[in-house]
Amino acid sequence: MAPSLQQPIPSAAITTDASSDVTITGKIYTRVRLATKFDLSHIYKLFYQIHVYHNYTHLYKATESSLEGLLFKENPLPLFYGPSVLLLEVSPTPFDEPTNEGFKPVLTTFDLKFSVVEGQVEEFRSKYDDKSDVYIAGYAFFYANYSCFYDKPGFYFESLYFRESYRKLGMGSLLFGTVASIAANNGFVSVEGIIAVWNKKAYDLYINMGGEIFDEFRYGKLHGENLQKYAHNKDKNDEESC
């Protein structure tokens, strides 16, 4: 990976077929940026796709409206303390240098070993700016968490996902590394999350990025009906205290 350079793109690098698919060869330009409210429809679709990937579509309860309430509150927490989504966008042509923002987008260039086909041009075309040949490839979802082991917050890395066309290109390291950089540069003490041991590529990514696996801990979850059993305890306790 190397910094993005403003160079002319050979005409053979971009092809469009009759079905409006876009094929990118040679180089692919990427931008990692913080999601905005204009990205809600894309975030909703990506969150659904990761549920498809894990065969958990029956658990997907979110709507675009509920995601807006979760991710883009009217009175948000300080930057990166609340639920945060980074989007990785791709383009066959270079991005302009970013302007000053709360989070400065990260621009990178990848040399492709094989062609990449964007088969959902309109569905995943970015709405971020006026550049029309930008497509959303994947996301990272994270938020601040707290532990009695530390005196400062860390990041809980909830999920990282790429659409199928953009896997095996090395972009996972870029996206995970960007989250780690944000943590290190803003006083957060860790980046932690759940790793699916059956997903060897994801497992190896975290290890190669410097992550540690703690085998002595297991993931536990109280949810659904088992959680709702406790919903009436407050009323019961109130009655017993009278």
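In which strand is Arg33 found? Arg33 is found in strand 3, which covers residues 27-34. The model described here is a predicted one, and this residue serves as a starting point for the description below.

The chain as a whole is considered before the single residues. The chain holds six helices and nine strands. Of its 242 residues, 37% are buried. The accessible surface of the chain amounts to about 15100 Å², and carbon and sulfur atoms account for 53% of that area. Among the contacts in the chain with a separation of 6 or more, 74% are between residues 24 or more positions apart.

Arg33 has a relative accessible area of 1%. Because buried means under 20% relative accessible area, Arg33 counts as buried. The C-alpha atoms of Arg33 and Pro105 are 4.5 Å apart in space, while the two residues are 72 positions apart in sequence. Pro105 is also one of the residues that Arg33 touches when residues up to four places away in sequence are left out. The others on that list are Asp39, Val85, Leu86, Leu87, Glu89, Phe103, Ser126 and Tyr128.

One of these contacts involves opposite charges. Glu89 and Arg33 form a salt bridge, in which the closest N and O atoms are 2.8 Å apart. Glu89 lies in strand 4 and Arg33 in strand 3, so this salt bridge ties together parts of the chain that are 56 residues apart in sequence. Glu89 is buried, with a relative accessible area of 0%, and Arg33 is buried as well, at 1%.

A further salt bridge involves strand 3. The side chains of Asp129 and Arg31 meet with an N to O distance of 2.9 Å. Asp129 is in the loop between strand 6 (116-118) and strand 7 (135-145), whereas Arg31 is in strand 3, and this pair links distant parts of the chain, 98 residues apart. The two partners differ in their exposure: Asp129 is partly exposed, with a relative accessible area of 33%, but Arg31 is buried, at 5%.

Asp133 and Lys131 form another salt bridge, and their closest N and O atoms are 2.9 Å apart. Asp133 and Lys131 are both buried. Elsewhere, salt bridges with shared partners join Arg31, Arg33, Asp39, Glu89 and Asp129 into one network. The count of salt bridges comes to 10.

The packing of two helices was examined next. The axes of helix 1 (residues 40-53) and helix 2 (64-71) come within 10 Å and cross at roughly 105°. Helix 1 is therefore roughly perpendicular to helix 2, because angles of 65 to 115 degrees are placed in that class. From helix 1, the contact is made by Leu40, Ser41, Ile43, Tyr44 and Phe47. From helix 2, it is made by Glu64, Leu67, Glu68 and Leu71.

Phe47, which is in helix 1, has a relative accessibility of 8% and counts as buried. Leaving aside residues up to four places away in sequence, Phe47 touches Tyr60, Leu67, Val85, Tyr139 and Phe141. Tyr139 is 92 residues from Phe47 along the chain, and the C-alpha atoms of the two are separated by 9.0 Å. Val85 is touched by Phe47, and Val85 is also among the residues touched by Arg33.

Two residues in loops have a positive phi although they are not glycines. Asn55 has a phi of about 60° and is found in the loop between helix 1 and helix 2. Phe80 has a phi of about 75° and is found in the loop between helix 2 and strand 4. Asn55 counts as exposed, at 63% relative accessibility, whereas Phe80 counts as buried, at 4%.

The loop between helix 2 and strand 4 (84-91) also holds Tyr81. Tyr81 is partly exposed, with a relative accessible area of 31%. Together with Leu77 and Tyr146, Tyr81 makes a nonpolar surface patch of about 350 Å².

How values were computed: Residues are numbered from 1 along each chain as its sequence is written. This is a predicted model: local features need pLDDT of at least 70, side-chain atom pairs count only at pLDDT 80 or more; totals for chains, interfaces and linings use all residues. Side-chain values use heavy atoms; hydrogens and water are left out. Patches are made of residues with over 30% relative accessible area and no salt bridge: like charges are joined within 9 Å, nonpolar side chains (Val, Leu, Ile, Met, Phe, Trp, Tyr) within 5 Å. Accessible areas come from the Shrake-Rupley method with a 1.4 Å probe; for residues, only the protein chains shown count as cover. A salt bridge is a side-chain nitrogen of Lys or Arg within 4 Å of a carboxyl oxygen of Asp or Glu. Helices (H or I, at least four residues) and strands (E, at least two) are DSSP runs, numbered from the N terminus. Buried means under 20% relative accessible area, exposed over 50%, partly exposed in between (1.4 Å probe, protein chains only). Axes are lines fitted to C-alpha atoms, for helices over the stretch in contact, and angles run from 0 to 180 degrees between N-to-C directions. Angles under 35 degrees count as roughly parallel, over 145 as roughly antiparallel, 65 to 115 as roughly perpendicular and the rest as oblique. Contact means heavy atoms within 4.5 Å.
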